[in-house]
Amino acid sequence: MLTDYDKVPYPGYTHPQTHPDRLAVLGWLFGLEPAAIDHCRVLEVGCGDGTNLAPMAWSLPGSYFVGLDLASRPIQRGQQMVCELGLANLRLVQGNLTQIPADWGPFDYIIAHGLYSWVPADVRDGLLAISRSLLAPQGIAFVSYNALPGGHLRNMVREMLLFHVRGVEAPEERVRQASALVRFLAQAQNSPNEYRRLMKVELERILEHVPGHLYHDELAEINQPIYFTQFMAHAARHRLQYLGEADFFEMSDHAFVDSVKQTMDQLAADRLLREQYLDFLKCRCFRQTVLCRSEVPLHQEPQAEKIGGFLVSSGALCSPGPLDLRPGVISIFETPKGVKCQTDLPAGKAALTILGAASPTPLPFYELFQQVCRRLAQEGLPAEAASASCQGLCEFLLRLYAGGAVEFRTFLPPIARHAGERPVAHPVARWQAGRSDFVSSLFHIAVKIEDEIGRSLLTWLDGTLDRKALLEKLWGFLESKKALDLPDGDESAARRELETNLEKNLEKLARLGLLAG
């Protein structure tokens, strides 16, 4: 029997929040001893065509991955990908999650992204049941779901769309009619009225959806948001406890003024209540909750000293102007995503400067600490005077992690920091580039390659072509597309410009984590 996901394909995505490395970091911070991600077992329930698992499997050949989905056609597409890429450590299976045999486990990491809110109650129950029964003693489970109170707004728009497409059976027509209504409603929301401002943001979010996304999310038969405390009560019935959120910064109240933080401390007697009140404050509409077995002892607060075992990265750059590392002088840093932080801590300013120069490659904590001490010494600031210590730097970085300004890893993916003489794009990205605008980086981030030239270049980077061969191939490609730009008919100048642009693009691919070391 064909499911809706067989009839209308859901776009396959790479989800960085689901990567075992992200989950392992959270586990270590709160007292777990999770499995090393280069030798672990991972199950993804509702895996679609395996787009999320394939990059993990290639970059972690010592680990084993299983994907399960009820829809047969996505699984068939994924199995073809697995075969063509030769991923012996990835198995994709069509089947019902309520019928998974016990001998499949145990798994160190279980992923269920975009499933819980879109399935019947008995399947939700089955999902949490296997998250307990198949989870290793120190294992970690990721479950995402639509949350309240923010889900009320999304439900309101969804109900409008369902009303508009009532009686329309054909999936393509349902999507066409729903998209037309969203555009009509969005165009009408130009008044400063508070309701219209909220509506406009939600409608513009939906307008960004591809048809499969719209059909399976907003037009789904089931789309059940739930309060966080209700979800955790359900998890507790299956002897699972709260570990944290996959996006650690979502657990922070750093965006609120001190009076709000003080009231939160009075209202929230424990971690669960605190998270629920944060949802009220943020009007949260989606959660990516991380669970573990209820009998495992956890710390109530993240342990900063664990950062000593991590790799650290940050793309934050200092605002224009000379950097002054002296104590008491505030410097402002900003990440590419717009996250800002400011500090007058000499060691902190030095650390962010060093990380920004190395970005996106993460640095082992103790290597970073040594570089910080050397940098302070060069500036005539002894480590003691600058309050530079391992513990102090760990605590500083933890605060930045809570604000989304730095990232932690337990494992360095096999990236090439720079494009070599014969650049190699990792095989999963090359395979994807021949079929889609989106490719997966080795940082497990989806990268959109919008132009045909860029996608073609990626497919050529198999390590057999040096710069000269790449230039000739690129020249021939542009010539065949009648896209060559020859200013004043000067071919040699055009070739020099093409060589310069090729080098820039190769370095950009390296920064994005698309080239393999």
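# Exercises on a predicted model

Strand 13 gives the largest share of the lining of the second largest pocket, three residues. The model you are working with is predicted, so please keep that in mind as you go through the exercises.

## Exercise 1: the second largest pocket

Describe the second largest pocket by its volume, its lining residues and the elements that supply them.

*Solution.*

Step 1. Start with the volume: the second largest pocket comes to about 1,400 Å³.

Step 2. Turn to the lining, which is made by 44 residues. Those nearest the centre of the pocket are Ser313, Lys337, Glu407, Arg409 and Ile445.

Step 3. Assign the lining to elements. Two or more residues come from each of helix 2 (20-29), helix 15 (390-403), strand 13 (407-409), strand 15 (446-448) and helix 19 (491-511).

Step 4. Sort the lining residues by character: 22 are nonpolar, 13 are polar and nine are charged.

## Exercise 2: the buried face of helix 12

Find the buried residues of helix 12, decide how they are arranged around its axis, and list elements that cover them.

*Solution.*

Step 1. Check the geometry. Helix 12 runs over residues 271-282, twelve residues in total, and its first and last C-alpha atoms are 16 Å apart, close to the expected 16 Å at 1.5 Å a residue.

Step 2. Apply the cut-off for burial, under 20% relative accessible area. In helix 12 the buried residues are Arg271, Glu275, Gln276, Leu278 and Asp279.

Step 3. Look down the axis. The buried residues of helix 12 fall within an arc of 155°, so they line one face of the helix. A general rule helps here: an α-helix has 3.6 residues a turn, so residues three or four places apart point the same way.

Step 4. See what lies over that face. The cover includes helix 10 (228-237), strand 6 (240-245), helix 11 (258-267) and strand 7 (286-293).

## Exercise 3: helix 10 and its end

Carry out the burial analysis for helix 10, then examine the backbone just after the helix.

*Solution.*

Step 1. Pick out the buried residues of helix 10: Phe228, Phe231, Met232, His234 and Ala235. They span an arc of only 155° around the axis, which puts them on the same side of helix 10.

Step 2. Name the packing partners. These buried residues pack against helix 5 (121-133), strand 5, strand 6, helix 12 and strand 7.

Step 3. Move past the end of the helix. Arg239, just after helix 10, has a positive phi of about 55°. Arg239 sits in the loop between helix 10 and strand 6.

Step 4. Follow the contact to helix 5 from the other side. Helix 5 has 13 residues and spans 18 Å between its first and last C-alpha, close to the 18 Å expected. Its buried residues are Val123, Arg124, Gly126, Leu127, Leu128, Ile130, Ser131 and Arg132. Among the elements they pack against are strand 1 (41-45), strand 4 (107-112) and helix 10.

## Exercise 4: backbone features in loops

Locate the cis peptide bonds at Pro149 and Pro360, and describe the backbone and burial of His444.

*Solution.*

Step 1. Recall the background: most residues other than glycine have a negative phi, and most peptide bonds are trans.

Step 2. Take the cis bonds in turn. Leu148 and Pro149 are joined by one with omega about 15°, and Pro149 belongs to the loop between strand 5 (135-146) and helix 6 (151-164). Ser359 and Pro360 are joined by another with omega about 5°, and Pro360 belongs to the loop between helix 13 (346-358) and strand 12 (363-364).

Step 3. Now inspect His444, whose phi is positive, near 60°. His444 is in the loop between strand 14 (438-440) and strand 15. Its relative accessibility of 3% makes His444 buried.

## Exercise 5: two partly exposed residues

Place Asp437 and Ile332 in the model, and list their contacts beyond four places in sequence.

*Solution.*

Step 1. Asp437 lies in the loop between helix 16 (427-433) and strand 14. With 32% relative accessibility, Asp437 is partly exposed.

Step 2. Compare sequence with space: Asp437 and Arg455 are 18 residues apart along the chain, with their C-alpha atoms 7.5 Å apart. Beyond four places in sequence, Asp437 contacts Val447, Lys448, Ile449 and Arg455.

Step 3. Ile332 is part of strand 10 (residues 331-334) and is partly exposed at 37% relative accessible area. Beyond four places in sequence, Ile332 touches Leu317, Cys318, Ser319, Cys341 and Gln342.

Conventions. Residues are numbered from 1 along each chain as its sequence is written. This is a predicted model: local features need pLDDT of at least 70, side-chain atom pairs count only at pLDDT 80 or more; totals for chains, interfaces and linings use all residues. Side-chain values use heavy atoms; hydrogens and water are left out. On a 1 Å grid over the protein atoms alone, a cavity is a set of points where a 1.4 Å probe fits but cannot get out, and a pocket is an open set with protein on both sides within 12 Å along at least five of seven lines; lining residues have an atom within 4 Å of a point. Grid points are joined across faces, edges and corners, and a volume is the space filled by probe spheres set on the points. Helices (H or I, at least four residues) and strands (E, at least two) are DSSP runs, numbered from the N terminus. Ala, Val, Leu, Ile, Met, Phe, Trp, Tyr, Cys and Pro count as nonpolar, Asp, Glu, Lys and Arg as charged, and the others, Gly among them, as polar. The expected span of a helix is 1.5 Å times one less than its number of residues. Buried means under 20% relative accessible area, exposed over 50%, partly exposed in between (1.4 Å probe, protein chains only). The arc is that of the directions from the helix axis to the C-beta atoms. Contact means heavy atoms within 4.5 Å.
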